[in-house]
Amino acid sequence: MRIVFLGPPGAGKGTQAEIISKEKKLPHISSGNLLREAVETKSETGRKARDYIEKGLLVPDEIVVDIIKDRILRDDCKSGFILDGFPRTLSQAKVLDEMLKKLGNRLDLVFYFAVSEESVVLRLTGRRICSSCGANYHEKFVPSEKEGICDKCGGTLYQRADDKLETVQERIRVYHEQTEDLIEYYKKSGILKEVVSDVNIEIITKNISDSIESALKKKDLISDGVV
Ligand code: AP5
């Protein structure tokens, strides 16, 4: 299955992608994580991307597209993937469609995480990340047992630079301006599924998981010539 998680910043895309990726054995490709890794390693791409990320702006398409193309062409993506945070502009969506077409594939499902702006702000400003293993926490909603310390590896938790309130507001503005149109784009292609995301993590996981299972069954019936 080739799946996209679409939605505003802080909607819970990364949290769900981690869980569903393990459950369905599909690689989780996060454009944000790939860009942050490039910034960490001070690569040429990272140097170009850094300023945009810190200001809450989108990194130019040509930079992001190259990173994603390289990742999708790796062997582990042959039978599918979960794209989290990509595409984020209409032109990225078209490049992705073209690329998959050349590989003889297409997207199967796009999950749109529908969530209130109030939840987004609360989730992002309270998010904490492990500096060692990257695990994701929230001060209030997903707290670690010991404040500031990762349950999984004992690493120190930190706040992402772009999770400060001012930058969060800018990211939300950018989302409305440049990404929201993708909802209509995928609705028209008939692969969009809306997931109500103002609810707890387990409920969202179940809804996504059930949708994937029924899409898989439908795909099997089509390939068996039943429908
Ligand atoms: P990126 O890292 O992709 O950030 P984002 O899309 O803004 O998404 P987030 O990671 O902030 O949120 P999320 O939806 O994954 O939420 P999460 O699960 O963590 O991008 C960062 C930057 O990189 C961009 O601003 C841009 O500069 C650049 N970039 C990336 N992709 C790009 C592209 N394609 N083109 C151009 N530039 C690009 O959850 C948030 C918090 O809420 C966590 O603390 C979590 O524990 C908690 N939580 C999750 N679910 C729930 C729930 N159901 N209830 C309560 N709390 C919850």
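Start with the ligand: select everything around it and you pick up 36 residues, the closest being Thr15, Leu57, Arg88, Arg127 and Arg171. Keep in mind along the way that this is a predicted model.

**Stop 1: the ligand and its shell**

Show the side chain of threonine 15, where an N or O atom sits 2.5 Å from an oxygen atom of the ligand. Then do the same for arginine 88: its side chain also brings an N or O atom to 2.5 Å from a ligand oxygen. For a ligand nitrogen, go to arginine 123, whose side chain has an N or O atom 3.4 Å away from it. Now try a surface on the ligand: taken alone it exposes 1000 Å², and the protein buries 96% of that.

Colour by secondary structure next. The elements that supply two or more residues to the shell are helix 1 (13-24), helix 2 (31-40), helix 6 (117-125), strand 6 (136-138) and helix 9. Which element gives the most? That's helix 2, with four residues. If you colour the shell by residue class instead, you get 17 nonpolar, eleven polar and eight charged residues.

**Stop 2: serine 197**

Jump to serine 197, in the loop that runs from strand 8 (192-196) to helix 9 (201-223). Buried or exposed? Serine 197 counts as buried, because its relative accessibility is 0%, and the cut-off for buried is under 20%. Turn on its side chain and look for the backbone oxygen of valine 195, which lies 2.9 Å from a polar atom of that side chain. Beyond its neighbours within four places in sequence, serine 197 is in contact with Ala11, Phe113, Ala114, Val115, Arg123 and Ile204. Arg123 in that list is the residue you just saw, with its side chain 3.4 Å from a ligand nitrogen.

**Stop 3: glutamine 16**

Select glutamine 16 in helix 1. With a relative accessibility of 2%, glutamine 16 counts as buried. Set aside the neighbours within four places in sequence, and its contacts are Phe5, Phe113, Ile201, Ile204, Thr205 and Ile208. Phe113 and Ile204 should look familiar, since serine 197 touches them too. For a long-range ruler, draw a distance from glutamine 16 to lysine 187: they are 171 residues apart along the chain, and their C-alpha atoms are separated by 21 Å.

**Stop 4: aspartate 61**

Move on to aspartate 61 in helix 4 (residues 61-72). What surface class does aspartate 61 fall into? Partly exposed, because its relative accessibility is 22%. Leaving out neighbours within four places, aspartate 61 is in contact with Thr89, Ser91 and Gln92. Two of these are worth a dashed line: the aspartate 61 side chain makes a polar contact with the side chain of serine 91 at 2.4 Å, and another with the side chain of glutamine 92 at 2.9 Å. As for threonine 89, it is 28 residues from aspartate 61 in sequence and 8.0 Å away in space, C-alpha to C-alpha.

**Stop 5: backbone oddities**

Most residues other than glycine have a negative phi, and most peptide bonds are trans. Here are some exceptions to click on.

- Phenylalanine 86 to proline 87: this peptide bond is cis, with omega near 0°. Proline 87 is in the loop between strand 3 (81-84) and helix 5 (90-102).
- Lysine 25: phi is positive, near 55°. You'll find lysine 25 in the loop between helix 1 and strand 2 (28-30), and it is exposed, with a relative accessible area of 72%.
- Lysine 42: phi is again positive, near 55°. Lysine 42 is in the loop between helix 2 and helix 3 (44-55), and its 59% relative accessibility makes it exposed.

**Last stop: zoom out**

Show the whole chain as a cartoon and you have nine helices and eight strands. How does the radius of gyration fit with a compact globule? A compact globule of 227 residues would come out near 17 Å, and the chain has 17 Å, so the two agree. Along the principal axes, the C-alpha atoms fill a box of roughly 55 × 35 × 30 Å.

Of the 227 residues, 46% count as buried. Switch to a surface and the chain exposes about 12600 Å², with carbon and sulfur atoms supplying 51% of it. Finally, try a contact map: among contacts between residues at least 6 apart in sequence, 71% join residues at least 24 apart.

Terms used:
Residues numbered from 1 in each chain as written. Predicted model: local features only at pLDDT ≥ 70, side-chain atom pairs only at ≥ 80, totals over all residues. Heavy atoms only, no water. Buried < 20%, exposed > 50% of the residue type's maximum accessible area, 1.4 Å probe, protein only. Polar contact = N/O pair within 3.5 Å; in protein donor to acceptor, adjacent residues only side chain to side chain. Contact = heavy atoms within 4.5 Å. Near = heavy atom within 4 Å. Areas by Shrake-Rupley, 256 points an atom, 1.4 Å probe, with all protein chains shown as cover. Nonpolar A, V, L, I, M, F, W, Y, C, P; charged D, E, K, R; others polar. Rg over C-alpha atoms; globule rule 2.2 N^0.38 Å.
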